[in-house]
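Trainee: I would like to go through how to read the contact between two chains and the nonpolar cores of a model.
Mentor: Put it up, and we will start with the contact.

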Amino acid sequence: MGTYLTKRIIYMIVILFAASFLIFSLYALTPGDFISSNIKLSPERKAELREIYGLSKPLLERYGIWMNNVFHGDFGFSLAQQQPVLKLFNQYIWNSFLLAVVSTFLTWVIAVIIGVVSAYKQYSWFDTIVMVAIFAAMSIPSFFIGLFLIKILAVDLKWLPPGGMLTTGSNATGWAYIKEVIHHMTLPVIVMTLLGVGSLTRYFRSNMIDVIKQDYIRTARAKGLKEDKVLFRHALRNALLPAITLVGFELPALFGGSIIIEKIFNWPGIGQLYMQSFSLRDYPLLMGFTMLLAILTVIGTLLSDVLYHIADPRVRLH
Amino acid sequence: MAINSTPMTDAVPAATTTPKSSSLFKQSMRRLLHNKLAIFGLVVVVIMFIACFLGPVFSPYADNKIHMNVMNKAPSMKHWLGTDALGRDVLTRVLQAGRISLTVGLASMFLSVFIGALLGAIAGYYRGIVDQIIMRIADLLLTIPGLPLLFIFGALLSEWKVPTNYRMYIVMLMLGLVNWPGLARMVRGQMLSLREREFMQAAVVLGLRDRRKLFNHLLPNIVPLLIVIATLNIGGSILSESVLSFFGLGVMPPTPTWGNMIDAANNLIDFQEHPWLWIPPGFSIFITVIAINIFGDGLRDVLDPKQKR
């Protein structure tokens with residue numbers, strides 16, 4: 001396990017290095033930058049600003065400077081917001097996390113319950129409806145379902161606010177503040193849950209179907225155990241086991257925000273920040289965000305493999 | 001479908017159970033026909049294709065002329081899905097957009113399946129240094145999240161001022177290039193297990209050349225898997241294209257796609273007052289992708305029973 005971990009972590013670092021170079025080159029090679037998009041500036045002033053921000057230096061040198069700063073815990077300085085990138089991330093990431101953590105929790109609870117019931121009643125009418133619903137959930141274009149629900153639930157029926165985290169001009173505090181946030185996050189959470197629940201339900205359903213066919217389930221039934229005890233004590237535990245690998249893969253989604261959902265619902269999260277910076281060509285922020293996602297993805301994958309090994313020692317890591 | 005090229009498919013038991021069966025492929029197709037849901041999906045996809053590629057031919061509004069007197073009209077008998085801000089018929093536009101969206105979905109699927117299968121097969125067959133290089137590149141691409149990557153490419157297209165009628169082809173290329181790594185991994189895994197099988201040992205004993213082993217004996221065995229992946233991949237590509245085009249980074253007007261038609265919803269007045277502009281293309285995406293996914297899943301049950309449902 002020890003040598004395996006060392007090897008994995010070294011490989012992880014190498015991959016991240018390569019990723020950082022690729023990310024940097026992609027953004028650096030894109031023509032146009034934050035300064036050239038500002039038409040109010042004179043050519044002299046532009047050159048001066050480029051000098052100040054270090055944009056006139058050769059590519060490799062800029063990459064070197066960027067990486068050096070990253071190692072010192074400095075992801076650069078947002079040109080548009082005039083604040084350190086990390087400080088901005090810290091400001092926005094928790095809003096994203098709030099949405100993600102609630103919808104992930106709901107997704108898992110719903111997926112486990114429906115998946116188990118559906119597997120237990122395989123090929124029944126309930127199971128067929130669930131299968132169709134799973135396909136529907138997996139086929140929805142995320143931005144469209146967001147817009148569609150805003151139109152119906154917010155614009156036409158006026159049940160829920162159309163976007164944002166607080167009502168404009170609101171200065172609510174304490175309980176009123178919490179209530180307002182909950183009110184605003186309902187719609188995005190519904191959409192995110194809907195988008196995630198399909199594939200996860202399918203996953204639990206097929207796991208459960210496999211487990212139910214095992215001999216030890218027959219043994220449990222033969223012993224005369226009650227059906228719900230067989231299902232939830234003996235079968236569900238083993239069906240949940242492989243799902244532990246998914247925990248790691250959720251990591252980027254939990255902290256990386258959702259670009260599309262946050263944009264549609266005007267939610268002040270990190271994905272929305274990314275979209276704003278995108279049109280402004282605020283490269284330090286864009287690079288920082290993409291790098292953050294890459295780091296989370298790599299850590300998540302490692303976490304999955306290690307968790308899987310801990311949960312099921314039969315799985316050998318190599 | 002060279003699935004019967006492996007002589008392992010024992011014809012004797014098959015002949016006793018289903019007398020008419022001549023090949024595993026025909027058996028599979030017969031089983032597929034019994035899956036009502038999958039056939040329903042296939043029928044919907046076929047109808048969608050026919051409607052999009054032939055429908056506009058029969059439409060009196062296919063010329064896309066600007067009619068100032070019928071701007072933003074709600075659905076009526078004359079215009080079933082209403083008209084847009086330039087007086088164009090929305091139904092005709094949706095069908096014309098479908099041509100582009102479906103073409104982009106299909107083309108980028110072919111590209112990513114081609115690259116993924118080829119590189120995955122080469123990596124799995126030769127192993128060693130070739131495998132290392134290919135799989136490390138795949139790992140790298142999988143590390144960088146797909147959506148920001150596509151956004152950067154989309155922005156590059158805009159900066160380079162790619163003419164709007166060429167953008168469609170570059171979007172196909174982009175989606176194809178972003179999607180291959182996962183596929184290559186899957187194909188490689190299959191290859192690694194297939195090359196240890198007895199029929200491959202026989203191929204080695206016969207002294208067959210690498211190319212023949214790879215293309216005549218190994219690849220035909222992963223064709224069923226590829227068909228399944230390819231089918232499900234089309235749906236994903238259509239969704240990705242729509243997201244990109246919706247954010248103005250994919251195919252751009254005047255070339256209509258389902259994604260950039262939904263862009264009308266970014267205009268507050270169109271969003272609230274003229275829902276017929278953006279709801280029909282959204283449902284077109286939804287219906288097409290769900291039909292493809294249902295059909296693909298049915299195909300998986302039949303062609304690749306080892307995979308879990």
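**Chain contact and cores**

Mentor: Between chain A and chain B there are five residue pairs in polar contact, both residues at pLDDT 80 or more; a polar contact is a pair of N or O atoms within 3.5 Å, where within protein one must be able to donate a hydrogen and the other to accept it, and residues adjacent in sequence count only if both atoms are side-chain atoms. This is a predicted model: local features need pLDDT of at least 70, side-chain atom pairs count only at pLDDT 80 or more, and totals for chains, interfaces and linings use all residues. Residues are numbered from 1 along each chain as its sequence is written, chains are lettered from A and ligands numbered from 1 in the order in which they are written, and side-chain values use heavy atoms, without hydrogens and water.

Trainee: Which side chains meet in a salt bridge?
Mentor: A salt bridge is a side-chain nitrogen of Lys or Arg within 4 Å of a carboxyl oxygen of Asp or Glu. Here A:Arg202 and B:Asp297 form one, at 3.3 Å from N to O, and the count between the two chains is one.

Trainee: What is the area buried between chain A and chain B?
Mentor: The size of an interface is often given as the accessible area lost when the parts come together. Computed with a 1.4 Å probe and summed over both parts, the buried area is about 4,000 Å², with 79% from carbon and sulfur atoms.

Trainee: Which residues does A:Phe143 touch?
Mentor: Counting heavy atoms within 4.5 Å as contact, and leaving out residues up to four places away in sequence, A:Phe143 touches A:Ile260, A:Ile264, B:Ser242, B:Val243, B:Phe246 and B:Ile262.

Definitions and conventions:
Buried area is the accessible area (1.4 Å probe) that two parts lose on being put together, summed over both.
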